[in-house]
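Please work through the exercises below with the sequence and the structure at hand. Each task is followed by its solution.

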Amino acid sequence: MPRVVVVGASFAGLYAAKGLRSIADVVVIDASDEWEYTPSVHEVLGGRRMADTILASIRDTLSGVEVVRGVAVAANESEVHVEICGSIKKLPYDHLIISVGCAYARPIKAQLASLDRRAQLAGAQRLYRDASSVLVVGGGAVGVEVAGELAANHTVTLTAREDELVGDLPGAARRYALDSLRAQNVRVALSGEEVRGSFDEKIECYGARPRTGWLATFVDRDARGFVRVDGHYRTSIRNVWAAGDCVAKDAKQYLAAYAHFEGEYVAQMVASEILGSAPPGAYVPPPRIVALALGPDDGVLCYGRFVVLSGRAVPWVKALVERWVVRLWPLPYALFCRLPALA
Ligand SMILES: Cc1cc2nc3c(=O)[nH]c(=O)nc-3n(C[C@H](O)[C@H](O)[C@H](O)COP(=O)(O)OP(=O)(O)OC[C@H]3O[C@@H](n4cnc5c(N)ncnc54)[C@H](O)[C@@H]3O)c2cc1C
C-alpha cells in the first residue's frame, strides 16, 4: 500500500488520516502523543475543568495508523526528517500531508515537545486561581472567551487594539459579546485605550504564527510563513498537501471546523490519486458557523452574518460539538459545503 505521512495530529491531520487509513499505510507524526481540544482550553484555565478532560491519546483516538512521537524538522521530495529523543529518523512517504497548525502564546497553547502539558495547564490554573485581578490582552474570540470564563471569580480587564471585540463576527454578535462581558463586570478597554493599575496576572490572547519554519526551503509559503496551496490543497511540491491553520487562506477560516473540512477534503484528494479515481472539485469553504462562549452560562452562535442563538444554550452547543469531534465523528465536508452561505 502507498505510504501517507501526516505531520500534525489535530483537527486537520486526524481527519485526513482517518479518511486514508483504509487505503494507505498512514503514519501520523506529532510532537505530543496527546491531542488537545484547544477550543476548550479557556475552561481549563478558569479552573472549571481539569487538563485531562481536553487531552486524549492520539493512539486511542485513531486506530489503524502508526503514530510517531517526534518533531518534524525538515522534509524533501521523498522523506520527512523527524527528531525523536535527540536523534533524527527519516520517514519516507508517497504522499505528505502538512497539518502543523499555529503556535500561540503560552499557556493558551503548549510549546512543541513541551514535556508535560498537564503540569503546565495545572500550573496555569493555580496561577489564575490565586490571582484576584487579571489583564486579558486581545479582543478576538480567544480573549473574549478567556475573559468571560475568568469573570466569575476575578476582576477582569480586557484590552484590545481594535475598536470592537470579535471583529470577524456579525455586528449583533459583537454587541452581544461586549454587553455580556460588561454585565459580568469585565472592564473592556478598546482602541488601545490606556489601562492603568496593576494586575496579579496577565494573559496574552493574540499572535498565532504558523509552525512551518522547518519547511522554509521546501514548499512555497507566504510572507508570514503560511503554506500556499492551490484550489485542491496541493502545495508547490508534487504529492505534498497542506490543511488547517498552517495554510494561507481567508482570515475567517482559521477555525477548527475549517481545519476539519480541509483535512477531510485532502484525504479525498489523496485517495483519488491513490485509487486513480476522479478527484473532487475544487475546495469550497462551507459557511462559517461560530459558537462563542461568554462564560459558563452565556454565549452567541452565528451562522454566516446572522446570530442564530444566544444565551445559556450556546455553551451546551459547544459542549455537544466537543463530544462529537473528539470521537472524530463525521462533519461531512460534502454536506456542509452545500449549506447556504448567508454571508
Ligand atoms: C484558545 C483557542 C480557542 C479556540 N476556540 C475555537 C472554537 O471555539 N471554535 C473553532 O472552530 N476554533 C477555535 N479555535 C481555533 C482552532 O483551535 C484551530 O483552528 C484548530 O486547532 C486548527 O487545527 P489544526 O489541525 O490546523 O492545527 P492545531 O490544532 O494547531 O494542531 C497542530 C498539531 O501539529 C503538531 N505539530 C506542529 N508542528 C509540528 C512538528 N514540526 N512536528 C510534529 N508535530 C507538529 C502540534 O503538536 C499539534 O498537535 C481556537 C483556538 C484557540 C487557540
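The exercises concern a predicted model and treat its overall form, its domains and the surroundings of its ligand.

**Exercise 1. Determine whether the chain is as compact as a globular protein of its length.**

Solution. Begin with the inventory: the chain holds 9 helices and 19 strands. Next, compare two values: the radius of gyration is 20 Å, and the globule rule gives 20 Å for 343 residues, so the chain is as compact as a globular protein of that length. Then consider the extent: along the principal axes, the C-alpha atoms occupy a box of roughly 60 × 50 × 35 Å. Finally, turn to burial: 43% of the 343 residues count as buried.

**Exercise 2. Describe how the chain is divided into domains and how these touch.**

Solution. First, assign the segments: domain 1 comprises 3-115 + 207-284, and domain 2 comprises 126-204. Second, locate the centres, which lie 31 Å apart over C-alpha atoms. Third, inspect the contact: 10 residues of domain 1 meet 9 residues of domain 2. On the domain 1 side, these residues are 4 nonpolar, 4 polar and 2 charged.

**Exercise 3. Which residues come nearest to the ligand, and which elements give two or more residues to its shell?**

Solution. Start with the residues: of the 34 around the ligand, the nearest are Gly8, Ser10, Pro39, Gly101 and Gly244. Proceed to the elements: helix H1 (11-20), strand E2 (25-30), strand E6 (71-75) and helix H7 (256-275) each give two or more residues to the shell. Conclude with the classes: the shell divides into 22 nonpolar, 8 polar and 4 charged residues.

Terms used
Residues are numbered from 1 along each chain as its sequence is written. This is a predicted model: local features need pLDDT of at least 70, side-chain atom pairs count only at pLDDT 80 or more; totals for chains, interfaces and linings use all residues. Domain bounds come from an automatic or database domain assignment. Two residues are in contact if their C-beta atoms, placed from the backbone, lie within 7 Å. Ala, Val, Leu, Ile, Met, Phe, Trp, Tyr, Cys and Pro count as nonpolar, Asp, Glu, Lys and Arg as charged, and the others, Gly among them, as polar. Helices (H or I, at least four residues) and strands (E, at least two) are DSSP runs, numbered from the N terminus. The radius of gyration is taken over C-alpha atoms; the globule rule is 2.2 Å times the number of residues to the power 0.38. A residue is buried if 20 or more other C-beta atoms lie within 10 Å of its own, exposed if 12 or fewer, and partly exposed in between; C-beta atoms are placed from the backbone. A residue is near a molecule or strand if its C-beta atom, placed from the backbone, lies within 6 Å of it.
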